Each structure stands twice: as C-alpha cells, then as structure tokens.
Amino acid sequence: MSADAFSRRVLAWWRDNGRKDLPWQHQPTPYRVWVSEIMLQQTQVATVIPYFERFMAQFPNVRMLASAPLDDVLRHWSGLGYYARARNLHKAAQRIVAQHAGDVPDDLDALCALPGIGRSTAGAILSLACGQAQPILDGNVKRVLCRYYGVEGWAGTNAVLRQLWRLAERHTPEREAGSYTQAMMDLGATLCTRAQPACGQCPLAADCVARRTGRQRELPTPRPRRELPEREAWFLLLRDAEGRLLLEHRPPSGLWGGLWSFPEVSSRVEADAWLERAAGAGGVWQELEAFTHTFSHFRLRIHPLLADTETLVASGVKDGPQVWYKPGLSPPGGIAAPVAQLAHALQVQSKSDSQE
DNA sequence: AAGTCGGGGGA
DNA sequence: TCCCCAGACTT
C-alpha cells in the first residue's frame with residue numbers, strides 16, 4: 001500500500017473514531033501540547049488528565065512555569081514519577097524565556113536542544129500545535145508499525161529504531177499532520193493494543209503482516225527482561241508532639257531527585273546508631289510494617305521506623321535542609337509516592353487515636 | 001549499546 | 001504477577 005493510502009485510511013478512521021476531547025486538545029498551543037507530551041511519557045492518559053488540569057491551572061504559560069520555584073513544580077508532579085521530567089520541564093521553560101522570548105520554538109532542532117525534549121516529543125509539538133509535517137515515534141506508533149510491517153527485534157536497539165523512524169517519516173502526510181499524529185496514537189491506544197487488539201475494526205488490518213500471520217501477540221518484540229534486583233532501605237520517621245514528620249531534601253539528581261523524603265539509611269544497624277546519637281540510650285524505634293516499592297529497574301524493600309521526638313534529647317540530624325511536615329497540609333515540595341503513603345497512614349492513625 | 005529514571009493500570 | 005505506557009538522558 002502506498003504511503004498516501006496508509007495515511008488516508010488512518011485519517012478516515014480517526015474522523016469517525018478518534019479522541020477529540022482530551023484536555024490538551026482544547027486550545028492546543030505549543031505550551032499545552034508540550035506539557036501534555038512530557039507528562040504522557042511512560043504514563044497513561046487516564047493517569048495524566050488530573051495532573052495536567054492542576055498543572056495548567058497553576059502554571060498557565062511558559063513564563064509562569066519558568067518563574068515558579070522548582071519545589072512548586074515538583075509538588076504538582078508528586079505521584080507521577082520520573083521526576084527528571086519535571087526538572088527538565090522547569091529548566092526548559094527558563095531557557096525558553098531567556099533564549100526564545102518566552103515562546104516555545106517552532107523548529108525541530110531548537111526543540112530538541114531543550115532538556116527533556118527528544119525527536120518524538122518535538123515531532124508531536126510541531127505536528128499537533130504548529131501544523132508541521134513532523135513524524136513521531138512513541139510506543140503507540142512503534143506498535144502499529146512493528147505489527148503492520150512485521151518488524152522483528154526490540155525497538156530499543158538502534159537498527160530497529162532507525163527502521164521505524166524511516167517508516168514513520170514515510171507515512172506522515174504533508175497535510176493534516178496534526179490529525180495524523182493524533183490518529184496514530186489513538187489507533188495504538190484504542191485498537192492496536194498490546195493485548196487483544198481489535199483487528200476487526202482496524203483500517204489497516206487487510207495489509208497488516210501481524211494480522212495476516214496471526215502474530216499480533218508476538219509483535220512488537222518485547223524488551224529482554226532480567227530479574228529485578230532488590231535493595232533495602234530504612235525510612236526514619238521522626239514525629240514531633242504536634243504529629244509533624246521530619247523531611248529531608250534529597251540531592252537534586254538521581255532517584256527521587258529534588259524531592260522531600262524521610263531520613264534514610266541502608267541498614268538496621270545504622271538506624272539504631274542514628275537513634276542512639278539522637279536520643280542516647282533511651283530512644284526506641286517502633287517498627288512499622290515493611291513493604292515493597294517497585295521501580296522499573298529494581299525493587300525497594302522499605303522498613304519504616306517510627307520514633308517520637310519527645311524521647312529525643314537532640315535532633316541528631318544535620319545534613320541538608322529539613323522541615324517538619326504536617327500530614328494533610330501542603331508539602332514543602334515534591335513527595336514520592338511511598339512517602340506520601342506513610343505520611344497519610346500516620347495521619348489516619350493519629351486521628352483515630354485522638355478519637356478514642 | 002546499556003543503564004538510569006516512578007508509578008500505576010490492565011490482563 | 002508480569003508487562004508496558006504519548007521517552008530522554010547519561011555513561
């Protein structure tokens with residue numbers, strides 16, 4: 001099938017069946033499309049929608065985002081994960097103000113030069129918000145192309161990636177590129193799904209290699225998996241007389257970079273030493289139930305230890321900025337999901353205690 | 001080319 | 001439980 005016929009079929013399908021009411025499709029300005037694209041990296045639409053609404057209400061334009069403290073940006077990102085996305089978004093906004101007069105660039109190279117924006121995200125911004133005929137290659141498009149052409153091999157390797165980009169370029173139409181971009185994402189998200197694709201409704205089914213050979217389940221080739229290593233961490237929950245919890249500011253990069261978290265040590269022995277320094281021989285940890293938090297590349301076994309500062313003779317903590325945080329109130333910045341979870345659990349517990 | 005970066009949702 | 005999701009960056 002010609003490239004032209006391919007895009008025509010996809011566009012015709014989209015006109016009747018595509019999604020046209022997502023929040024970022026209203027007033028699809030470069031800024032709104034940019035923010036949505038960053039949030040949608042490795043994150044599903046349903047999860048993103050409430051975050052997008054809150055984020056746009058707080059940071060309605062590039063300048064508001066650029067002038068906001070990073071803590072505010074991370075606070076609105078709390079729970080979304082991949083916090084480097086938020087740090088890059090903030091940094092890029094400041095660069096856009098400094099170097100592009102506050103306007104999101106409408107040029108592929110200028111966009112790709114900004115932190116957090118790669119070729120696919122730049123293509124999405126240019127096609128969806130600027131009407132330019134630029135291809136994208138997100139997970140949806142990869143899946144559709146791998147199945148349609150029967151592309152073998154994991155899309156994480158350079159060879160496969162080059163091939164997929166070539167195909168994506170070939171099919172992107174000069175006209176209606178924005179609708180085509182949205183159409184391909186909708187096709188991948190609603191019909192050409194990972195499990196049980198709805199080939200019966202697909203406009204490309206007649207010529208699809210995976211469909212003809214019954215290999216929908218095997219394509220695209222999954223990433224090679226290895227067993228996740230497990231690490232352990234002891235979260236030190238220091239609680240004062242008012243029920244507030246001590247939080248520390250984490251280093252600006254790395255895991256949960258720039259977020260606020262409980263003091264953390266890597267063994268029970270260290271935790272005991274930490275408490276002895278803080279409270280002398282009188283301090284006692286109360287062990288809360290351990291739980292596992294799973295990341296993309298390892299599992300973290302979290303052992304929460306609780307101590308009330310009434311038993312402490314000295315703070316015993318000194319590294320980096322610290323704050324006392326009252327669960328239920330607005331946190332000082334970004335909070336990782338398990339930290340929020342624990343804080344919430346203690347808030348609920350103290351409430352039920354006070355009712356007895 | 002491989003490793004780093006979160007969290008959640010679907011099957 | 002396992003897999004992956006509107007990826008990009010660092011090494």
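Is Q134 buried or exposed? Keep that question in mind while you open this predicted model, because the tour will return to Q134 and settle the matter with its relative accessible area.

**The whole chain**

Begin by selecting chain A and colouring it by secondary structure, which should bring out 14 helices and eight strands. If you turn the chain along its principal axes, its C-alpha atoms fill a box of roughly 80 × 50 × 40 Å. Of the 356 residues in chain A, 47% are buried. When you follow contacts between residues at least 6 apart in sequence, you will find that 66% of them join residues at least 24 apart.

**Two domains**

Next, give one colour to residues 3–213, which form domain 1, and another to residues 230–355, which form domain 2. The C-alpha centres of domain 1 and domain 2 lie 37 Å apart, and where the domains meet, the contact takes eight residues from domain 1 and 18 residues from domain 2.

**The nonpolar cores**

Now select Y31, W34 and F55, which touch the most other members of the largest nonpolar core, a set of 90 residues. This core lies between domain 1 and domain 2, because both domains give residues to it. Centre the view on F55 and, leaving aside neighbours within four places in sequence, show the residues in contact with F55, namely Y31, V35, M39, L65, V73, H76, W77 and L89. Apart from the largest core lies another core, of 13 residues, and you can find it by selecting some of its members, among them W234, A271, L275 and A278.

**DNA strand C**

Turn on DNA strand C and show the 26 residues that surround it, of which the closest are T121, D138, N140, R143 and R194. Of the atoms of DNA strand C that come within 4 Å of the protein, sugar and phosphate account for 61%. Colouring this surface by residue class gives 10 nonpolar, 10 polar and six charged residues.

Which helices each supply at least two residues of this surface? Select α8 (119–130), α9 (139–149) and α11 (177–191) to see them, and notice that α9 gives the most, with three residues.

Then look at single contacts with DNA strand C. In the side chain of E37, an N or O atom is 3.0 Å from a base nitrogen of DNA strand C, while the side chain of Q182 has an N or O atom 3.4 Å from a base nitrogen of that strand. At G116 you should display the backbone, where an N or O atom lies 2.8 Å from a phosphate oxygen of DNA strand C.

**DNA strand B**

Move on to DNA strand B, which is surrounded by 21 residues, the closest being Y82, Y83, N158, W256 and H293. Sugar and phosphate make up 58% of the atoms of DNA strand B that come within 4 Å of the protein. By class, the surface near DNA strand B has nine nonpolar, 11 polar and one charged residues.

Select Q42 and T43 together: a backbone N or O atom of Q42 lies 2.8 Å from a base nitrogen of DNA strand B, and a polar side-chain atom of T43 lies 3.0 Å from a base nitrogen of DNA strand B. At G79, a backbone N or O atom lies 3.4 Å from a sugar or linking oxygen of DNA strand B.

**Two single residues**

For the next stop, select R95, which is found in helix α6 (residues 84–99). With a relative accessibility of 30%, R95 counts as partly exposed, since that class covers values between 20% and 50%. Not counting residues up to four places away in sequence, R95 touches H100, A113, L114 and P115. If you draw a distance from R95 to L114, C-alpha to C-alpha, it should read 7.7 Å, although the two residues are 19 apart in sequence.

Finally, return to Q134, whose place is in the loop between α8 and α9. Q134 is buried, because its relative accessible area is 19% and the cut-off for a buried residue is under 20%. Display the residues that Q134 touches, not counting those up to four places away in sequence, and you will see L108, G123, L126, S127, T172 and T181.

Key
Residues are numbered from 1 along each chain as its sequence is written. Chains are lettered from A and ligands numbered from 1 in the order in which they are written. This is a predicted model: local features need pLDDT of at least 70, side-chain atom pairs count only at pLDDT 80 or more; totals for chains, interfaces and linings use all residues. Side-chain values use heavy atoms; hydrogens and water are left out. A nonpolar core is a set of buried Ala, Val, Leu, Ile, Met, Phe, Trp, Tyr and Cys residues joined through side-chain atoms within 4.5 Å. Buried means under 20% relative accessible area, exposed over 50%, partly exposed in between (1.4 Å probe, protein chains only). Domain bounds come from an automatic or database domain assignment. Contact means heavy atoms within 4.5 Å. A residue is near a molecule or strand if one of its heavy atoms lies within 4 Å of it. A polar contact is a pair of N or O atoms within 3.5 Å; within protein, one must be able to donate a hydrogen and the other to accept it, and residues adjacent in sequence count only if both atoms are side-chain atoms. Helices (H or I, at least four residues) and strands (E, at least two) are DSSP runs, numbered from the N terminus. Ala, Val, Leu, Ile, Met, Phe, Trp, Tyr, Cys and Pro count as nonpolar, Asp, Glu, Lys and Arg as charged, and the others, Gly among them, as polar.
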